[in-house]
Amino acid sequence: MQTKGNVVLHVADVQKHFGGLHALADIDLQVDEGKTHAIIGPNGAGKSTLLNVIIGRLAPSSGAVVFDGTVLTGKKPHEINQLGVARVFQTPEIFADLSVLQNVMTPAFARRDGAFRINMFRSVDNERGIREEAEHTLEDVGLMDRRAVHAGALSRGDKRRLELAMCLIQKPRLLLLDEPTAGMSRHDTNTTIELLKKIKSRGMTKVIIEHDMHVVFSLADKISVLAGGRIIAEGLPDQVRGDPRVQEAYLGGVH
Ligand SMILES: Nc1ncnc2c1ncn2[C@@H]1O[C@H](COP(=O)(O)OP(=O)(O)OP(=O)(O)O)[C@@H](O)[C@H]1O
């Protein structure tokens, strides 16, 4: 397994079988530090499977995932999260009965205390610091005016923004986004694109799975195209856009 200097995530020769189905075949993916790397491909291409292998929800049949020199394969999702890998799911995982602000404070406490448990001895000052950090993060994602609302009452787009805030407060080195704009209006999609550009300017590495080509071409530094469980093309957005194999496999008919 050869990894280049500024590569922060290396998916090395990964295979994944589901019974007789070869869902991922010979996947070798290298993500450069500070870049936004998009993974695109038609339905059933293996995108979610790949993401789940990276975050430890699925074990690969063979191969390994290496993050910043540490082999992630074999680690539990929460251990991978503690190493600085955060992810935003298609279905937001939030605490519906807590306020928006409490939702964002929870992972910050977990980061500090090492687990989602109540620390009876934590100081009020420390709690104030975390509250301020959470408020800054809510300002970043445009949810500050909704901080007192129960998270369950938010619109779908706002729930996704909230989940993004819950990731950002962890200050991850690598953020994985599974269709971050799915189900959003064009206006919310554009707001999210601007937000993700802002995060990028702070140097956070991102892997993004996305169907919306407007989002992909607005954000990606590099694109890998999956089809039938294999990477069939990879490169800069303009190279991928013009690649006939990609047009055949995925972009066909979409201009
Ligand atoms: N747990 C599982 N058990 C069996 N087969 C699975 C499982 N998860 C995924 N698959 C199969 O693996 C293949 C890849 O699925 P995957 O969900 O990774 O594709 P995808 O590119 O994310 O698709 P979509 O864009 O539709 O979400 C598909 O044929 C799917 O049916």
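**Strand pairing, ligand shell and backbone geometry**

Strands β9 (residues 222–227) and β10 (residues 230–235) run antiparallel and are joined by five bridges; strands are taken as DSSP runs of E of at least two residues and helices as runs of H or I of at least four, both numbered from the N terminus, and two strands pair if DSSP finds at least two bridges between them. The model is a predicted one, in which local features need pLDDT of at least 70 and side-chain atom pairs count only at pLDDT 80 or more, while totals for chains, interfaces and linings use all residues. Residues are numbered from 1 along each chain as its sequence is written. Within the β9–β10 pair, L226 has I231 of β10 as its bridge partner. The two strands form a hairpin with two residues between them, and G228 in the turn has a positive phi of about 55 degrees.

An open sheet is built from four strands in the order β2-β1-β4-β5, with antiparallel pairing. Its edge strands, β2 and β5, each pair on one side only. Further in, β1 and β4 are joined by five bridges and run antiparallel, and A12 stands opposite A64 in β4. Helix α1 lies across β1, β2 and β4 and runs at about 60 degrees to β2. Contact here requires C-beta atoms, placed from the backbone, within 7 Å; axes are lines fitted to C-alpha atoms, for helices over the stretch in contact, with angles from 0 to 180 degrees between N-to-C directions.

Both β2 (21–32) and α1 (47–54) return in the ligand environment, each supplying at least two residues of the shell. The ligand is surrounded by F18, L21, A23, G41, N43, G44, A45, G46, K47, S48 and T49, with a residue counted as near if its C-beta atom, placed from the backbone, lies within 6 Å. The largest contribution, three residues, comes from α1.

Two residues other than glycine show positive phi values. D13, in strand β1 (residues 7–18), has a phi of about 50 degrees. D13 counts as partly exposed because it has 14 C-beta neighbours inside 10 Å; 20 or more would make a residue buried and 12 or fewer exposed, with C-beta atoms placed from the backbone. D68, in the loop between β4 (62–67) and β5 (70–71), has a phi near 50 degrees and is partly exposed, with 16 other C-beta atoms within 10 Å.

Finally, the 16-residue helix α6 (residues 186–201) reaches 23 Å from its first C-alpha to its last, close to the expected 22 Å, the expectation being 1.5 Å times one less than the number of residues. G203, which follows α6, has a positive phi near 90 degrees.

Notes: Contact = placed C-beta atoms within 7 Å.
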